[in-house]
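Reader: Could you take a close look at how a couple of helix pairs pack in this one? Cut-offs included, please.

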Amino acid sequence: MIEFVNFFIKYFPDLYQGALITIRITAVGLGLGFVLGLPAALLRVYGGKYFRWLAVAYVELFRGTPVLVQLFVIYFGLPDLGVTFSRLTAAYIALGLNSGAYQAEYFRGAIQAIGSGQMMAARSLGMNRLRAIRYIILPQALRLVIPSWTNEPISLMKASSVAFLIAVPDLMTKGKLVAARTYDPIASYICVAIIYIVMVFIMTGFVQFVEKKVRVPGFEMEELRV
Amino acid sequence: MTKPIIEVKNLKKVYGGREILKNIALTVNEGDTVVIIGPSGTGKSTFLRCLNLLTYPDSGEIWLDGKLINVPGVNQDEVRQHYGMVFQDFLLFNHLTALGNVMIGLTKVKGLNQETAKEKAMKELRHVGMQDHIDQYPGQLSGGQKQRVAIARALAMDPRVILFDEPTSALDPELIGEVLGVMKKLALEGMTMVCVTHEMGFAREVADRIVFMEGGVVVEEGNPNEMFYHPKVQRTKEFLWKITELYASSEKK
Amino acid sequence: MFINILFYILSGAGITLSVIAIALPVGLVLGVLLSLVRVYGGKLFSGLAAVYSTIMRGIPHVVLLFILFFVLAGTINLSPLLAGAVSLAIISSGYQLEIFRGAIQSIGGGQMMAARALGMTKLKAIRYIILPQALRVAIPSWSNEVASIIKDSSLVYALGVPEILRRAQFMSASTYQPFIAYGIAAVLYFIMTFLAGRLLDKLETKTKIPCLQLEK
């Protein structure tokens, strides 16, 4: 046991560098996913036939295929068509697209939970659809979605680990390097696991704190597990 | 004198720091209909659940047919086969039809074969008037119908005693009558019953004995005539007056 | 050319399906058993199950896969395919534990009480009353988890197992057509998750309990 603690202390600085990259990837992916997911959800609920189809195709495609395959298509496949990305950028894009699909489902659930009555009331006041969405639907939906949406940052952080297969210098990659150096894969990856779980714990705590602060009593929906 | 089916002495139960049952004594003879009344939350349901050991008492004695049952070494599951229980929220098994609900105790607990179980189940469903609904699921039945199936389920096990825990409290007013009707029928047929209820009309008509419980103790007990018209304890008088007023006005309708 | 790539990658589908065919049932059995421990076990075992689920769900699947793989391959000498499949099953059981726990709890304590009032032992009550209802209620969430397992099977790529993704990579390297190769892989996975979803929808309709009322 003592040996393991020493091991952990010795290699932590290296792993730590990786953890920072992991956090960065998660943050960018989350942001990109938000920017993609919210419009996708809106198109899905309020869009015309073609836009709706587009949104559904996006969501089904990115939720129905492994994130690792998506990553490979973007990093290895796109150069074939003339579009090349750096490792990190490819990771950002793949994770962003993937997260966006999941976020779209969370947002869609919240928007639909609000109900068509709200839109009807807004339009009866003379608002056009866009105004109604902006001033009536979204403010409510964004509050309602928080408990389920907060599953996503945690999900995303875990998913980001696949980036190590295209040698992005994240926590998992650093773990692999330590494993190669020490010929002790089990100990190395357990260290990696511990750091991940600590990060997840911290995130969960933060998320619960935010949830509590923002909660409006009586205004909740059943938590959606996507 | 017939030997009592149930004898309870000095029953105590503590729940979450509070003494829910302080010192209960009760005797139930064969064929008796005992009705327990009292304000909500005073341990009546807990007491009922102690009788069939769904809730284990902290101290005291419960005797069933001359055997002490709340001691270690007693097979609780076996004991419960001798009781039937009907719950306030029916608690029918949602994934089984009415017939399935009544049969399952027979097939899986008593180990009867399918035909024998089905015969017995049909008999009890006819007994409660539900023979036309045997293939329906609980979700498709009204509250009164559900409760009648629940009674048939309990009857099918040929229990020594049936325990009723506020069987009509969750029912719409129009449906209460059909359930009370079945209960009355059972009482007249000689079934031994212990009922917790607020239905004073039922208590007055059908009960052999009424037990007024409050604060974890038996305040007073006696036959309906004594309890309603000549109660000895002031509190009993108060409670019955208030309740009777409430129910008398709805009975007038 | 395209056909060659397609068929080569398709031959990996058999391996992928084997991995899933092992991981899914093992994960299911483990998940249901653990959920029963979590709900009906005493304080100690229930707590252990909770820790298990927190660990399995708090660590990235790749990391867990590697740890479990090295442990399994080291001690028992399993092939990468088996070790990978079993590892995926163990990871999934953490999630399935929570799915079935939620389902059992939504059935409500009253059902258990009614079963025991008839004289059923706890075990009989679980087998004939609780599980038949809980398993049905769990189907929608479980169908999500099935999709997860199908997608996670791509991770065993990292263990060298010659499944779809590994084959796609080989094709990509040898034919210099990475977009087509990986594109085909993506389509294959999509077809698998799509079909699984459809099958489970059918299952849900077939086994539905009419007008089921659940406790919130």
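**Helix packing in chain C**

Author: The crossing of α1(C) and α7(C) is right-handed, meaning the near helix is turned clockwise from the far one by less than a right angle (anticlockwise would be left-handed). Quick caveats: this is a predicted model, where local features need pLDDT of at least 70 and side-chain atom pairs count only at pLDDT 80 or more, while totals for chains, interfaces and linings use all residues. Residues are numbered from 1 along each chain as written, chains are lettered from A and ligands numbered from 1 in written order, and side-chain values use heavy atoms, without hydrogens or water.

Helices here are DSSP runs (H or I, at least four residues), numbered from the N terminus. The axes of α1 (residues 2–40) and α7 (residues 164–175) of chain C come within 7 Å and cross at roughly 160°; axes are lines fitted to C-alpha atoms over the stretch in contact, with angles from 0 to 180 degrees between N-to-C directions. That makes α1(C) and α7(C) roughly antiparallel (over 145 degrees). In contact (heavy atoms within 4.5 Å), residues of α1(C) including C:Ile5, C:Tyr8 and C:Ile9 meet residues of α7(C), among them C:Arg167 and C:Phe170.

Now the other pair: α3 (residues 61–75) and α4 (residues 80–107) of chain C have axes that come within 9 Å and cross at roughly 130°. So α3(C) and α4(C) are oblique to each other (outside under 35, over 145 and 65 to 115 degrees). Their crossing is right-handed. Contact residues include C:His61 and C:Leu64 of α3(C) and C:Pro80 and C:Tyr95 of α4(C).

Methods: Helix = DSSP H or I, 4+ residues; strand = E, 2+ residues; numbered from the N terminus.
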